[in-house]
Amino acid sequence: MTESPVHPALWPAPHTGEAVDATVTVPGSKSVTNRALVLAALAAEPGWLRRPLRSRDTLLMADALRAMGVGIEETVSSSSSATGELDGSGEAWRVIPAGLHGPATVDVGNAGTVMRFLPPVAALADGPVRFDGDPRSYERPLGAVIDALRTLGARIDDDGRGALPLTVHGSGALDGGPVEIDASSSSQFVSALLLSAPHFNQGVEVRHTGAVLPSMPHILMTVDMLRAVGAQVDTPESGGEPNVWRVSPGALLGRDLTVEPDLSNAQPFLAAALITGGRVTIPDWPERTTQPGDALREIFTAMGGSCELTEQGLTFTGSGTVHGIDVDLGDVGELTPGIAAVAALADSESVLRGVAHLRLHETDRLAALTREINALGGDVTETEDGLRIRPRRLHGGTFHTYHDHRMATAGAIIGLAVKDVLIENVATTAKTLPDFPQMWTGMLDGN
Ligand SMILES: O=C(O)C1=C[C@@H](OP(=O)(O)O)[C@@H](O)[C@H](O)C1
Ligand SMILES: C=C(OP(=O)(O)O)C(=O)O
């Protein structure tokens, strides 16, 4: 772990001895919103994005596309926004595609989706696009995307480390064609190349050469969303070769898309029902989805409790006991911090497998979870590809978050069951869920 705990603000995590009983409306999916923005920006006609997530990661994506010339306007139902700024008051974004222009500057923050999905878009711009971001963005893997784009015809200046900061010198078009890529450290490498590929002269054929490929549902999300805007995509699931995806060149439709709630952001609220033996309903839980958070129905049921999907949404009911679990989370890695928090409160040991790549997420999540749960009296050890968690009686203390939104929500889960837990820099949840503290206290008030 390279970062040290720095932020002074400490948030007393709400604690309760009672079963929670609440309905929690969760804002839109980060992953869907940021894909939809890219695809709408590349479409041949304007489109709508309804109930988009407004959070740091998605506002950075919107700002970056705007910097390259795309129109993104906030609309409200009764009157239109005076300035067109994305101030969060509107209900939908209207995306008006335009020729992509440089020079432009893109701040990726610490958003994996922005730092991976946009360099291929920038390669289509007619001038240089400079990418920079938070200190952690310099450490997150990007070299495979840079190399792949060079193979496909792009000119990119970086400092030779295969990471940010960098400049993509867009020339208005990209050849495209076949490319090999090792995406074992992030599925976002594959998604990035596929999303822009309808605009490459020859489309793309992406061949993953690595030993493992994490977060497969997120690649399926990319493929589904591409097809929904008219792209032709051949995949291993549609009878193609294993680990090979092909996208044909072609125009994309402007669509009217309503974004599903972010099921990974629903996780802490479902966890609250599980660990307090309570009940939480998440409205608008989709019947079918590619979001990895849907796996929580199975995982949290195996850890105790039950769930029911009705017209009201997904209701999860805790049984009053929490069991440990032995599970491969390779497909659903972003759920690991929340599952680790619940596992620390369980009645038996857990082993979380298949998530070595989490060492390169917002922070080294395996090290951060181990250090912070153990600082509260826990017994967590890192394995080669995950965590072994032996539940212990935990005590209060400061839970550091390392600029990682999911560390903050993991700490809040523990604080619900353990008195006097202080979350350092809970504001880091703004990456994907700016209202988290209010939503969390609202849940305890039964809202
Ligand atoms: O494509 C996406 O929207 C995402 C893919 C996953 O990344 P990795 O494959 O790097 O884990 C996931 O963890 C991240 O939160 C979002
Ligand atoms: C890994 C995550 O984010 P990013 O999109 O920045 O990779 C996450 O949200 O858990």
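Helices (H or I, at least four residues) and strands (E, at least two) are DSSP runs, numbered from the N terminus. The model described here is predicted; local features need pLDDT of at least 70, side-chain atom pairs count only at pLDDT 80 or more, and totals for chains, interfaces and linings use all residues. Residues are numbered from 1 along each chain as its sequence is written, and chains are lettered from A and ligands numbered from 1 in the order in which they are written.

## The two ligands

A residue is taken as near a ligand if its C-beta atom, placed from the backbone, lies within 6 Å of the ligand. By this rule 13 residues surround ligand 1, and the closest are Ser-31, Ser-186, Ser-187, Ser-215 and His-218. Helix H3 (112-122) and helix H5 (188-196) are the elements that give two or more residues to this shell.

For the classes, Ala, Val, Leu, Ile, Met, Phe, Trp, Tyr, Cys and Pro count as nonpolar, Asp, Glu, Lys and Arg as charged, and the others, Gly among them, as polar. The shell around ligand 1 then has one nonpolar, eleven polar and one charged residues.

Around ligand 2 stand Ala-111, Gly-112, Thr-113, Glu-334, His-361, Glu-362, Arg-406 and Thr-432. This shell has one nonpolar, four polar and three charged residues.

Domain bounds come from an automatic or database domain assignment. Domain 1 (10-27 + 261-444) and domain 2 (30-258) each give at least three residues to the shell around ligand 1. For ligand 2, at least three residues likewise come from each of domain 1 and domain 2.

The UniProt record, an unreviewed entry, carries the annotation "binding site" on Lys-30, Ser-31, Arg-35, Ser-186, Ser-187, Gln-188, Ser-215, Glu-334 and His-361. UniProt positions are given in the numbering used here, feature names are shortened, and annotations may be inferred rather than shown by experiment.

## Two annotated residues and Arg-94

A residue is buried if 20 or more other C-beta atoms lie within 10 Å of its own, exposed if 12 or fewer, and partly exposed in between, with C-beta atoms placed from the backbone. Two residues are in contact if their C-beta atoms, placed in this way, lie within 7 Å.

Ser-215 sits in the loop between strand E11 (204-208) and helix H6 (216-228). It counts as buried because it has 24 C-beta neighbours inside 10 Å. Residues up to four places away in sequence aside, Ser-215 touches Ser-187, Pro-292, Asp-331 and Gly-333.

Glu-334 belongs to the loop between strand E18 (326-328) and helix H9 (336-343). With 27 C-beta neighbours inside 10 Å, Glu-334 is buried too. Its contacts, leaving aside neighbours within four places in sequence, are Ser-264, Pro-292 and Arg-406.

Arg-94 lies in strand E5 (residues 92-96). It has 19 other C-beta atoms within 10 Å, so it is partly exposed. Arg-94 touches Pro-46, Trp-48, Glu-73 and Thr-75, not counting residues up to four places away in sequence. From C-alpha to C-alpha, Arg-94 and Leu-213 are 34 Å apart in space and 119 residues apart in sequence.

## Helix H12

Helix H12 (residues 436-444) has the buried residues Phe-436, Met-439, Trp-440 and Met-443. Seen down the axis of H12, these residues fall within an arc of 100°, so they line one face of the helix. The arc is that of the directions from the helix axis to the C-beta atoms. An α-helix has 3.6 residues a turn, so residues three or four places apart point the same way.

The face turned away from the buried side of H12 carries the exposed residues Gln-438 and Thr-441. The cover over the buried residues of H12 includes strand E2 (21-23), helix H7 (263-276) and helix H11 (405-417). Just after H12, Gly-446 takes a positive phi of about 85°.

## Backbone exceptions

Most residues other than glycine have a negative phi, and most peptide bonds are trans. The table lists four places that depart from this.

| Place | Value |
|---|---|
| Gly-102 to Pro-103, cis peptide bond | omega near 0° |
| Leu-164 to Pro-165, cis peptide bond | omega near -5° |
| Asn-243, positive phi | phi near 65° |
| His-403, positive phi | phi about 55° |

Pro-103 is in the loop between E5 and strand E6 (104-107), and Pro-165 is in the loop between strand E8 (155-158) and strand E9 (166-169). Asn-243 lies in the loop between strand E12 (233-234) and strand E13 (244-247), and is partly exposed, with 16 other C-beta atoms within 10 Å. His-403 lies in the loop between strand E22 (397-399) and H11; with 22 C-beta neighbours inside 10 Å, His-403 counts as buried.
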